[in-house]
Amino acid sequence: MLCTKCGSENVIIHRRYSGQHLCKECFIKTIQKKVLKDIKKYKLIKKGDKVLVALSGGKDSTTVLDILSILAERNIIELEAITIDEGIIDYREKGIEYASETCKKLGIPQHIFSFKEHFKITIDEIMASNPPRKACTYCGVFRRWILNKEAKKLGADKIATGHNLDDEVQAIVMNYLEGNIENLTRIGPATYSQKFVTKIKPLREIPEKEVTAYVMAKGLKVHLEECPYRKTSFRKKIGTILTGLSEDHPTILYSTLRGHAKIRKALKKELEKESILRECIRCGQPAARELCKTCTLLKEIRRLKDEIHSHNR
Ligand SMILES: [Zn+2]
Ligand SMILES: [Zn+2]
C-alpha cells in the first residue's frame, strides 16, 4: 500500500473512516493541519491569546502542547503549561517527569501545583478514607478548581485540554445513558462561562488511536500508563463498547459527534438554565450555591475523617 498523499511506501497508518493510507511525514502533517484548522473553524484561539495547556504528561495533553507550540513559535500566541499533582503514588511521578522534559525541550514555561498544597490532602489519602464517591469525581472537581484559580492568576485567556474524539463521544453517550441530558448542552469545542477561564479542546476531532500514533511518529516522550483509579469507571466501560462498535462501523465516532452538534442547539434552547454563579463563601471561586463543589466535597471528606477518628478513639 502506498501513501495516499505522496506515494511513499512507508505507510504507518490506515484511516478506515476515510480510506486514506499515510506515511509518517504526511500523517504528522495531516494531524497538525486538522488541529490548526479546527482551532480556526471553532474560533478557539485568537492572536495574542495567552494559552495554558493542562499538561499531565500523557499522550493527549503532550500532543496539544506540541501542536500549539507551532503557534507559539510563529508568535501568534503566548504558551505555558500547568501540571497538577493529584498525589497518586507510583503513577503521577512519571507523568510529571515527562511533562517537565517536554516543556524543557519545547522551551515552554511550566507551572506545577498539587492537591496537597491546595487542599492539604492527596487523592490517595481521600480514597484511603473510603469516601462515598469515585476517585474521578474528586479528581475532576479539584483539578478544575486549581486550573481555574491558577489560570486566572497567570492571566491566561484560554485553558487547552487534551480531550480527543473518543473522550468526547464517551462523554456524550455517558450523559445520554445516565439521563443527564442537560449536561449534553455543555459538551462542545469550547466552554465559555463568565467567571471561568474559557476551556478549549483542540484535539476534539482526532481519534485516540491517531493521538497515540502522533506521539510515536514524533518521538514525544509520554506517560502511557492508565490511572489506577480509572479502571473501574463507567467511562471505561462505555469506551470499550464504542471501540468495539468502531470496528464494524469506522465512522461511528464522527457521526455521534456530528449528531450531538445538531441536537445541541435545540437542547440548549430547551434546557439550558441561566445558572447564576456567585462566589463561594469559603474560597471565593465561582459557585452555584453558597459553597462551590470543591468546598462541598472537602467538607464531606473532613466530616468522614472526623467520624473515623472518633470511632477509633
Ligand atoms: Zn506521504
Ligand atoms: Zn469554594
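Me: What makes strand S6 and strand S8 count as a pair?
Reply: In this predicted model, 3 bridges join S6 (residues 158–160) to S8 (residues 196–200). Pairing takes at least two bridges, so they qualify. The two strands run parallel, and Lys-158 has Thr-198 as its bridge partner in S8.

Me: And how do you know that S7 pairs with S8?
Reply: By that bridge count again: 3 bridges join S7 (residues 190–193) to S8, and the cut-off is at least two, so S7 and S8 pair. Here the strands run antiparallel, with Ala-190 standing opposite Ile-200. S7 and S8 form a hairpin, with 2 residues between them.

Me: How do you know that the length of H7 fits a helix?
Reply: Helix H7 has 13 residues, 165–177, and at 1.5 Å a residue they should span 18 Å. The C-alpha atoms at its ends are 18 Å apart, so the two values agree.

Me: What makes H7 largely enclosed?
Reply: Buried means under 20% relative accessible area. In H7, 11 of the 13 residues meet that, so the rest of the structure largely encloses the helix. Among them are Leu-165, Val-169, Ile-172 and Met-174, along with Asp-166 and Glu-168. The buried residues pack against helices H8 (181–184), H9 (208–218), H10 (234–248) and H11 (252–271).

Me: Why is the Asn-164 to Asp-166 pair at the start of H7 called a polar contact?
Reply: A side-chain oxygen of Asn-164 comes to within 3.0 Å of the backbone nitrogen of Asp-166. The limit for N or O atoms is 3.5 Å, so the distance passes.

Me: What follows H7?
Reply: Gly-179, with a positive phi near 80°.

Key:
Residues are numbered from 1 along each chain as its sequence is written. Chains are lettered from A and ligands numbered from 1 in the order in which they are written. This is a predicted model: local features need pLDDT of at least 70, side-chain atom pairs count only at pLDDT 80 or more; totals for chains, interfaces and linings use all residues. Side-chain values use heavy atoms; hydrogens and water are left out. Helices (H or I, at least four residues) and strands (E, at least two) are DSSP runs, numbered from the N terminus. The expected span of a helix is 1.5 Å times one less than its number of residues. Buried means under 20% relative accessible area, exposed over 50%, partly exposed in between (1.4 Å probe, protein chains only). Contact means heavy atoms within 4.5 Å. A polar contact is a pair of N or O atoms within 3.5 Å; within protein, one must be able to donate a hydrogen and the other to accept it, and residues adjacent in sequence count only if both atoms are side-chain atoms.
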